[in-house]
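Colleague: I'm new to this one and would like to know what stands behind the labels. Can you walk me through them?

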Amino acid sequence: MPNGQILLTGAAGFIGAAVGERLLGTGAAVVGVDDLNVYYSPSLKRARLERLFAAAERGGGDFDFHQVDVADRGAVERVFAGGPFDRVIHLAAQAGVRHSITHPHDYAAANLTGFLNVLEGCRRQAETGPDDPPHLVFASSSSIYGASVEPVLAADQPADHPISLYAATKRANELMAHSYAHLYGLPCTGVRFFTVYGPWGRPDMAVWKFTQRVLAGDPIDVYGGGGMRRGFTYIDDAAEGVVRLAARPPAAPTDGAAPASPDRGTGPFRTYNLGASEPVELMRLIEVIETACGRPAEKRFLPMQPGDVISTAADVGPLAEVTGLVPVTSIEEGVGAFVKWYREYHAR
């Protein structure tokens with residue numbers, strides 16, 4: 001791995017904090033960026049930051065945090081002025097499929113303008129000095145596959161029909177990154193996450209909401225008759241995948257050769273699925289949560305919500321080929337760990 005600084009945006013977020021802990025545990029120097037917005041409780045984000053400072057102390061790493069909105073062009077430029085960076089791991093984004101329907105401008109600012117600011121920071125690093133461009137690893141999403149009816153989603157299949165604004169912004173990020181890889185030789189790796197869950201997760205995600213309501217004795221809302229299926233991905237698997245991919249920048253096709261598959265493009269650009277290849281039905285997830293909580297759930301069945309997709313399951317063959325990683329944490333193990341953490345966190 002390179003020994004220079006790593007820029008980690010969304011450092012106080014769910015996946016960002018888990019990635020940061022792994023990096024800092026190896027003695028890395030990490031510059032963290034997050035705006036600590038109120039999409040969900042900032043106190044949870046600050047608690048994650050405390051863990052990052054502790055991880056740096058334990059692992060001999062260095063953690064420098066900046067409260068910055070990536071949509072603020074001047075602020076992002078100042079962060080890059082503190083470089084150079086060997087790697088930029090860009091996980092800052094406005095998340096949530098349903099929230100994008102009611103708050104579309106938040107997604108344009110964070111996911112489009114913010115992403116452009118990070119791309120420009122990477123480009124300028126190489127343009128204005130002797131340093132090579134950093135390897136940019138950025139968060140995409142399984143939601144980009146939208147209306148696809150394929151039972152297992154592959155990174156080289158078309159993803160041109162997103163059915164939510166959130167998904168559209170994530171697909172746009174991939175296309176923006178591809179253009180910078182082609183024009184400026186910027187190594188870019190897009191990571192399509194599949195329903196990440198686990199300790200220190202997000203309160204707007206199903207595993208958290210179901211656990212909260214089951215433990216409180218409140219009814220849970222079950223959309224789509226409970227038949228939806230997701231490739232639930234445990235947080236440790238997701239974070240490990242990001243760290244391994246960050247250490248492996250893609251190469252451009254050589255000698256004018258055509259790319260080996262559509263996701264590789266014409267520059268040093270790749271996309272990977274990072275998720276479970278065996279999807280879990282929503283009703284099965286609820287059963288596992290009931291078992292972990294030690295009590296049954298009262299269920300309220302509702303129609304599917306706008307922007308939701310029926311099923312997501314990841315083809316992780318390319319990820320395994322490049323990193324050796326295949327996400328293997330079972331839903332029983334992962335949910336059990338989450339419920340244990342949830343009880344302990346709220347007891348504090």
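Modeller: Sure, starting with the cysteines. A disulfide is a pair of cysteine sulfur atoms within 2.5 Å, and by this rule the count comes to zero. Cys122, for one, is in no disulfide, with its nearest cysteine sulfur, that of Cys188, 7.2 Å away.

Colleague: How do you know that the sulfur of Cys188 is too far for a bond?

Modeller: The closest cysteine sulfur, in Cys122, is 7.2 Å from that of Cys188. The cut-off is 2.5 Å, so 7.2 Å is too far for a bond.

Colleague: And what kind of model is this?

Modeller: A predicted one, in which local features need pLDDT of at least 70 and side-chain atom pairs count only at pLDDT 80 or more, while totals for chains, interfaces and linings use all residues. Residues are numbered from 1 along each chain as its sequence is written, and side-chain values use heavy atoms, leaving out hydrogens and water.

Colleague: Why is Cys122 called buried?

Modeller: Buried means under 20% relative accessible area, exposed over 50%, and partly exposed in between (1.4 Å probe, protein chains only). Cys122 has 0%, so the label is buried. Cys188 also counts as buried, at 0%. Over the protein, 52% of the 348 residues count as buried.

Colleague: Why is Ser43 called partly exposed?

Modeller: Its relative accessible area is 43%, and partly exposed runs between 20% and 50%, so the name fits. Ser43 sits in helix α2 (residues 42-59). Helices here are DSSP runs of H or I with at least four residues, strands are runs of E with at least two, and both are numbered from the N terminus.

Colleague: What makes the protein as compact as a globular protein of its length?

Modeller: The radius of gyration, taken over C-alpha atoms, is set against a globule rule of 2.2 Å times the number of residues to the power 0.38. The protein has 20 Å, close to the 20 Å that the rule gives for 348 residues, so it is as compact as a globular protein of that length. The C-alpha atoms fill a box of roughly 60 × 45 × 40 Å along the principal axes.

Colleague: What is the strand order of the open sheet?

Modeller: Its seven strands run β3-β2-β1-β4-β5-β6-β11, with parallel pairing. Here β3 (62-67) and β11 (269-274) are the edge strands, since each pairs on one side only.

Colleague: How do you know that β1 and β4 pair?

Modeller: Two strands pair if DSSP finds at least two bridges between them. Strand β1 (residues 5-9) and strand β4 (residues 85-90) have five bridges, in the parallel sense. In β4, Ile89 is the bridge partner of Leu8.

Colleague: What makes Leu36 and Trp200 stand out?

Modeller: Most residues other than glycine have a negative phi, and most peptide bonds are trans. Leu36 is not a glycine, yet has a positive phi of about 55°; Trp200 has a positive phi too, near 65°. Leu36 lies in the loop between β2 (29-34) and α2, and Trp200 in the loop between β7 (196-197) and α7 (206-216). Leu36 is buried, because its relative accessible area is 9%, and Trp200 counts as buried at 14%.

Colleague: Where is there a cis peptide bond?

Modeller: From Gly83 to Pro84, with omega near 10°. Pro84 is found in the loop between α3 (73-81) and β4.
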